[in-house]
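Here is a quick tour of one protein chain, from its overall build down to its charged pairs. Have a look at the model before reading on.

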Amino acid sequence: MRINEYNSIEEFKSEFTGVWAPSEGHWFGLDFIYKGTEYRFHTGSMYETSNTILADGREATFGLYKKLSQKTNGRWYELLSEFATMEDVLASTCIDGRLFSEVIMDDSTELVGQD
């Protein structure tokens, strides 16, 4: 049975790119569960006041985080990786070695919150 609410990768991308405005359906982040583990996709840095400059000189505009079982160093999430573009996010394999584009569209991926 499919529990994932996304019908296409374009639907996912459109919610997190462009000019942010809640009334236009754009969001800062998404909490989701994949294979029993909760993750967070987030625009910008969750814990730092400025975005990271990546090794290649580009600014990180997205991050993938894994929710911890308990708060550690004042944080509930552990950074898995940061990305400069949506295309970089979709090509990432930091969750179970699987393309993020496949993880976010997997039938069993459950969307549990957006903000």
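Is Glu-48 buried, partly exposed or exposed? Glu-48 turns out to be partly exposed, its relative accessible area being 45%. Bear in mind throughout that this is a predicted model.

## Overall build

Let's start with the big picture. The protein chain has five strands and three helices, and read from the N terminus their order is α-β-β-β-β-α-α-β. The chain is as compact as a globular protein of its length, because its radius of gyration of 14 Å is close to the 13 Å that the globule rule gives for 115 residues. Along the principal axes, the C-alpha trace spans about 40 × 35 × 30 Å.

As for burial, 37% of the 115 residues count as buried. The accessible surface of the chain is about 6500 Å², and carbon and sulfur atoms hold 49% of that. If you take the contacts with a separation of 6 or more, 50% of them join residues 24 or more positions apart.

## The nonpolar core

Now for the inside. In soluble globular proteins, nonpolar side chains tend to be buried together. Here the largest nonpolar core has 20 residues, and the ones that touch the most other members are Phe-12, Leu-30, Phe-32, Phe-41 and Phe-100. Two or more residues each come from β1 (29-34), β2 (37-43), β3 (62-72), α2 (86-91) and α3 (100-105). The top contributor is α3, with four residues.

Phe-41 is worth clicking on. Not counting neighbours within four places in sequence, Phe-41 is in contact with a string of phenylalanines, namely Phe-12, Phe-16, Phe-28, Phe-32, Phe-62 and Phe-100. Its other partners by that count are Gly-29, Leu-30, Gly-63, Leu-64, Met-86 and Val-89.

## A buried lysine

What about Lys-13, buried or exposed? This residue of helix α1 (residues 9-14) has a relative accessible area of 18%. Lys-13 therefore counts as buried, since the cut-off is under 20%. Leaving out neighbours within four places in sequence, Lys-13 is in contact with Met-86, Glu-87 and Leu-90.

## Salt bridges

How many salt bridges are there? The count comes to seven. One of them brings us back to Glu-48, whose side chain meets that of Arg-75 at 3.3 Å, N to O. Arg-75 sits in strand β4 (residues 75-83) and Glu-48 in the loop between β2 and β3, so this pair ties together parts 27 residues apart in sequence. Like its partner at 45%, Arg-75 is partly exposed, with a relative accessible area of 32%.

Next, look at Asp-56 and Arg-58, which form a salt bridge with their closest N and O atoms 2.8 Å apart. Arg-58 is partly exposed, at 35% relative accessible area. Add Asp-88 and you have a network of salt bridges linking Asp-56, Arg-58 and Asp-88. Elsewhere, Arg-98 and Glu-102 form a salt bridge too, with 3.3 Å between the closest N and O atoms. Arg-98 counts as partly exposed at 27% relative accessibility, and Glu-102 is partly exposed with a relative accessible area of 37%.

Terms used. Residues are numbered from 1 along each chain as its sequence is written. This is a predicted model: local features need pLDDT of at least 70, side-chain atom pairs count only at pLDDT 80 or more; totals for chains, interfaces and linings use all residues. Side-chain values use heavy atoms; hydrogens and water are left out. A nonpolar core is a set of buried Ala, Val, Leu, Ile, Met, Phe, Trp, Tyr and Cys residues joined through side-chain atoms within 4.5 Å. Buried means under 20% relative accessible area, exposed over 50%, partly exposed in between (1.4 Å probe, protein chains only). Contact means heavy atoms within 4.5 Å. A salt bridge is a side-chain nitrogen of Lys or Arg within 4 Å of a carboxyl oxygen of Asp or Glu. The radius of gyration is taken over C-alpha atoms; the globule rule is 2.2 Å times the number of residues to the power 0.38. Accessible areas come from the Shrake-Rupley method with a 1.4 Å probe; for residues, only the protein chains shown count as cover.
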